[in-house]
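Me: Can you walk me through this one? I'd like to talk about what holds its parts together.

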Amino acid sequence: MLKLLKLLCLCIILFQPIANADTAPANISAQLRKTLKDTLPQLPIDQVNISPIGGIYEIISGRKVFYVDSTGRYAMLGNMVDLTIKQSLTEQKVKSLSVVDWNKIPTKIAIVKIIGKGQRKIAVFTDPDCPFCKRLDADILTKQKDLTIYYFLYPMAMHANSDNDAKRIICAENPDVTYIDWMVNDKTLPIQSQCKRLANLEQMKKVGSEIVGVEATPTIVLPNGQIVSGLIPADYLDKLITDTTPAPAAPANESGVKPANESQVKPAVVTSKAPSAPVPGNPAK
């Protein structure tokens, strides 16, 4: 259990979002924050909330959720399940925390790969020396269609050469090509590791740590801002991207006014032509 709590601290310390107001009573919230600070000083506490179980409180730290008793001495790690509706309340809360505003992701500094027309989009936070990131690029993303991929280099400390390899990629004459050659085609990186674009690399790291809260690579941000980590089967990733891609805006009519709904538009000709079929659609450190 102690090892699990230490791992929790290490994961969470990378990501500290703006805390919302606690829902627990002020006196209990203050006491729990003090107790947890004494016992787990590296653990940032963002929220202390009441839970459906009396005397048990929900602790939110980053995108992690766990539970403690009213004294803060005993912690419970795992899922709180509502047996009536047969749903994990913990998973629901984690999912609500695993969302970022896409508009805060600076795609202009990203390494870009366009597949097909590139009508859909994702952001990928990747470590150039992460074997799972290489598998994502070689085996999964290559099977996607009509996708723009914005890569953000996020070297992890566990890979000794990762930071230098990231510099060599970002300083290459064509980083977009060099990245794919390194990750997919197993080509050697250029030697140059000093250039003006290193500022972009530092910004990529900052976006990963402060906005997205990357805890492991690969981490993917879907079109609606939902964050998912680890390797995902190609067909399931395709479905996730399709399901979270906003529908295109309705085209304006000749007067330039968009119809409020289909019932307001009467077609001049009714045909029997069938509509086109829609396109079908685990973290590792």
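Me: How many salt bridges does the count come to?

Reply: The count comes to 10 salt bridges. Keep in mind that this is a predicted model.

Me: Ok, start me off with K93. Which residue does the side chain of K93 meet in a salt bridge?

Reply: That would be E58, and the N to O distance is 2.8 Å.

Me: And why does that pair tie together parts of the chain that are apart in sequence?

Reply: K93 sits in helix α3 (residues 89–97) while E58 sits in strand β2 (residues 56–61), so the bridge ties together parts that are 35 residues apart in sequence.

Me: Is E58 buried or exposed?

Reply: E58 counts as buried, because its relative accessibility is 9% and the cut-off for buried is under 20%. K93 is partly exposed, with a relative accessible area of 25%.

Me: What about R120, what does it pair with?

Reply: R120 forms a salt bridge with D238, and their closest N and O atoms are 2.9 Å apart. D238 is in helix α8 (residues 234–243) and R120 is in strand β8 (residues 120–126), so this pair ties together parts that are 118 residues apart in sequence.

Me: Are those two buried or exposed?

Reply: D238 is buried, with a relative accessible area of 11%. R120 is buried as well, and its relative accessible area is 11%.

Me: Switching to helices. At what angle do the axes of α5 and α7 cross?

Reply: Roughly 130°, and the axes come within 9 Å. Here α5 covers residues 162–170 and α7 covers residues 198–212. That angle makes α5 oblique to α7.

Me: Left-handed or right-handed crossing?

Reply: The crossing of α5 and α7 is right-handed.

Me: Which residues make the contact?

Reply: From α5 you have D163, A166, K167 and I170, and from α7 you have L198, L201, M204 and K205. Sorted by type, the contact of α5 with α7 has five nonpolar residues, no polar ones and three charged ones.

Me: So which residue does the side chain of K205 meet in a salt bridge?

Reply: K205 meets D163, at 2.6 Å from N to O. K205 is in helix α7 and D163 is in helix α5, so the pair ties together parts that are 42 residues apart in sequence. D163 counts as partly exposed, because its relative accessibility is 28%.

Me: Which residues are linked with those two in a network of salt bridges?

Reply: K167 and E202 are linked with D163 and K205 in that network.

Me: Cool. How about α4 and α6, at what angle do they cross?

Reply: Helix α4 (residues 131–140) and helix α6 (residues 175–183) cross at roughly 105°, with their axes coming within 9 Å. That makes α4 roughly perpendicular to α6, because angles from 65 to 115 degrees count that way.

Me: Which residues meet there?

Reply: C133, K134 and D137 of α4 meet Y179, W182 and M183 of α6. In this contact of α4 with α6 there are four nonpolar residues, no polar ones and two charged ones.

Me: Last one: where is V177 found?

Reply: V177 is in helix α6, and it is partly exposed, with a relative accessible area of 44%. V177 and I111 are 66 residues apart in sequence, and their C-alpha atoms are 8.9 Å apart in space.

Definitions and conventions: Residues are numbered from 1 along each chain as its sequence is written. This is a predicted model: local features need pLDDT of at least 70, side-chain atom pairs count only at pLDDT 80 or more; totals for chains, interfaces and linings use all residues. Side-chain values use heavy atoms; hydrogens and water are left out. Axes are lines fitted to C-alpha atoms, for helices over the stretch in contact, and angles run from 0 to 180 degrees between N-to-C directions. Helices (H or I, at least four residues) and strands (E, at least two) are DSSP runs, numbered from the N terminus. Angles under 35 degrees count as roughly parallel, over 145 as roughly antiparallel, 65 to 115 as roughly perpendicular and the rest as oblique. A crossing is left-handed if the near helix is turned anticlockwise from the far one by less than a right angle, and right-handed if clockwise. Contact means heavy atoms within 4.5 Å. Ala, Val, Leu, Ile, Met, Phe, Trp, Tyr, Cys and Pro count as nonpolar, Asp, Glu, Lys and Arg as charged, and the others, Gly among them, as polar. A salt bridge is a side-chain nitrogen of Lys or Arg within 4 Å of a carboxyl oxygen of Asp or Glu. Buried means under 20% relative accessible area, exposed over 50%, partly exposed in between (1.4 Å probe, protein chains only).
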